[in-house]
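Work through the exercises below with the sequence and the 3D view at hand. Try each task before reading its solution.

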Amino acid sequence: MEKKHLDLRLAQMTAEGTRFRAGVNIGVDITWDDLRARYDAVVVATGALVPRDLPVPGRDLPGVHFAMEYLVQQNRTGAGDAVDSQITAEGKHVVVLGGGDTGADCIGTAHRQLAASVTNLAIGRQPGTERPEHQPWPMNATLFEVSSAHEEGGTREYLASTIEFLSNEAGEVRAIRVAETEYLDGRRVPKAGTEREIPADLVLLALGFTGPESTELTSQLHVPLDGRSNVVRDGNYQTSHEGVFVAGDAGRGQSLIVWAIAEGRAAAAAVDRFLEGETQLPAPVKPTDHAFAI
Ligand SMILES: Cc1cc2nc3c(=O)[nH]c(=O)nc-3n(C[C@H](O)[C@H](O)[C@H](O)COP(=O)(O)OP(=O)(O)OC[C@H]3O[C@@H](n4cnc5c(N)ncnc54)[C@H](O)[C@@H]3O)c2cc1C
């Protein structure tokens, strides 16, 4: 999204009375306990940005990064901030692991940084272009998506299982060894005899997210987490602590913008009711609502 749209909304909310304080790490700069003591209600909306790793040989080689290390840094430099040792795709063979929205953002960014090549690998099968019979409307169908980032170029390969990252003489990543994915008893494994190398000077891991960053949330706020590491909340978005609410990915797990917006509005209604005893605000979704599925 172009930043001018964000600037417009931020200006509107500031004029309405919202105070924004950027660069404050809650749990470090201010403890969660201090925050609770200072305000009658607190909404935890810290997202679910703990990345899924790929513990294969060579994972620690220079040049192998989580997607968010790369994307956040590019956002900062794009906004004019100085950063230490920028990760750049310029002139490099880039391999992006993971075929979702985060992977697409990496593909688009690498092209704009003038990468020599961009290859996107996904471990699973290529989805079809037609809605599958077992996912009729209005279900969210698994389809082959072509986003604006994909239209900018690059190669997409499916059924690619990563075996290891290989280094050059300087000890940096130079290639990735992959094999064709084979399905064995429902498990995805590299098929023996199909191994090959793909040149890679920069590898970006976009393999999904496992939940919210929870160290300070559990050690300071003492909120319980569910089996997926998301913060537990009741039907009113409230945690086990009165006046502490959770909205968005921190409670739902990594999801979509539309859910975060709807949850933000519903949590605002819950906070208003908590503070005022009643509310006129709309609550478009419940914490337990999900996309339609059979
Ligand atoms: C790379 C990427 C691409 C995506 N692409 C799409 C897409 O194309 N379409 C779509 O619908 N969804 C997409 N999503 C998902 C979507 O962005 C999220 O579902 C949505 O942003 C969740 O909103 P949220 O407010 O819950 O959390 P977030 O938007 O993640 O916001 C959480 C905020 O809390 C801040 N924070 C975290 N911890 C602390 C702390 N301790 N102190 C202070 N601040 C803190 C973070 O810095 C962040 O600014 C994408 C997600 C990612 C990561």
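**Exercise 1. The surroundings of the ligand**

Task: Find which residues come nearest to the ligand, and say which elements and domains supply the shell around it.

Solution:
- Step 1. In this predicted model, 19 residues lie around the ligand, and Gly47, Asp101, Gly248, Leu256 and Ala260 come nearest.
- Step 2. Two or more residues of the shell are given by each of helix 4 (101-112), helix 7 (249-252) and helix 8 (257-276). Helix 4 has the largest share, three residues.
- Step 3. Sorted by class, the shell holds eight nonpolar, seven polar and four charged residues.
- Step 4. Domain 1 (3-49 + 210-276) and domain 2 (53-207) each contribute at least three residues to the shell around the ligand.

**Exercise 2. The chain as a whole**

Task: Describe the division of the protein chain into domains, its secondary structure and its extent.

Solution:
- Step 1. The chain is divided into domain 1 (3-49 + 210-276) and domain 2 (53-207). The centres of these domains, taken over C-alpha atoms, are 30 Å apart.
- Step 2. Eight helices and 13 strands make up the secondary structure.
- Step 3. The C-alpha trace spans about 65 × 50 × 35 Å along its principal axes.
- Step 4. Of the 294 residues, 28% are buried. Among contacts with a separation of 6 or more, 58% join residues 24 or more positions apart.

**Exercise 3. Helix 1**

Task: Check the length of helix 1 against the expected span, then decide whether helix 1 lies in the open.

Solution:
- Step 1. Helix 1 (residues 3-16) has 14 residues, and at 1.5 Å a residue it should span 20 Å. The expected span uses one less than the number of residues.
- Step 2. The end C-alpha atoms of helix 1 are 20 Å apart, which agrees with the expected span.
- Step 3. The number of buried residues in helix 1 is zero, so the helix lies largely in the open.
- Step 4. After helix 1 comes Gly17, with a positive phi near 120°.

**Exercise 4. The nonpolar cores**

Task: Find which members of the largest nonpolar core touch the most other members, and which elements build this core.

Solution:
- Step 1. The largest nonpolar core has 31 residues; Val94, Val96, Leu97, Val203 and Leu204 touch the most other members.
- Step 2. Among the elements giving two or more residues to this core are helix 3 (67-78), strand 4 (93-97), strand 7 (160-167) and strand 11 (202-205).
- Step 3. Another core lies apart from this one and has 19 residues, including Leu217, Ala247, Ala250 and Ala266.
- Step 4. Take Leu97 as an example. Beyond its neighbours within four places in sequence, the contacts of Leu97 include Leu54, Leu121, Thr162 and Val203.

**Exercise 5. Unusual backbone angles**

Task: Are Ser85 and Leu114 buried or exposed? Note their phi values and locate a cis peptide bond as well.

Solution:
- Step 1. Most residues other than glycine have a negative phi, and most peptide bonds are trans.
- Step 2. Ser85, in the loop between helix 3 and strand 4, has a positive phi of about 35°. With 6 other C-beta atoms within 10 Å, Ser85 is exposed.
- Step 3. Leu114, in the loop between helix 4 and strand 5, has a positive phi near 65°. Leu114 is exposed, because 11 other C-beta atoms lie within 10 Å and the limit for exposed is 12 or fewer.
- Step 4. The peptide bond from Trp137 to Pro138 is cis, with omega near 10°. Pro138 lies in the loop between strand 5 and helix 5 (148-151).

Notes:
Residues numbered from 1 in each chain as written. Predicted model: local features only at pLDDT ≥ 70, side-chain atom pairs only at ≥ 80, totals over all residues. Near = placed C-beta within 6 Å. Helix = DSSP H or I, 4+ residues; strand = E, 2+ residues; numbered from the N terminus. Nonpolar A, V, L, I, M, F, W, Y, C, P; charged D, E, K, R; others polar. Domains from an automatic or database assignment. Buried ≥ 20, exposed ≤ 12 C-beta atoms within 10 Å, placed from the backbone. Contact = placed C-beta atoms within 7 Å. Core = buried A, V, L, I, M, F, W, Y, C linked by C-beta atoms within 7 Å.
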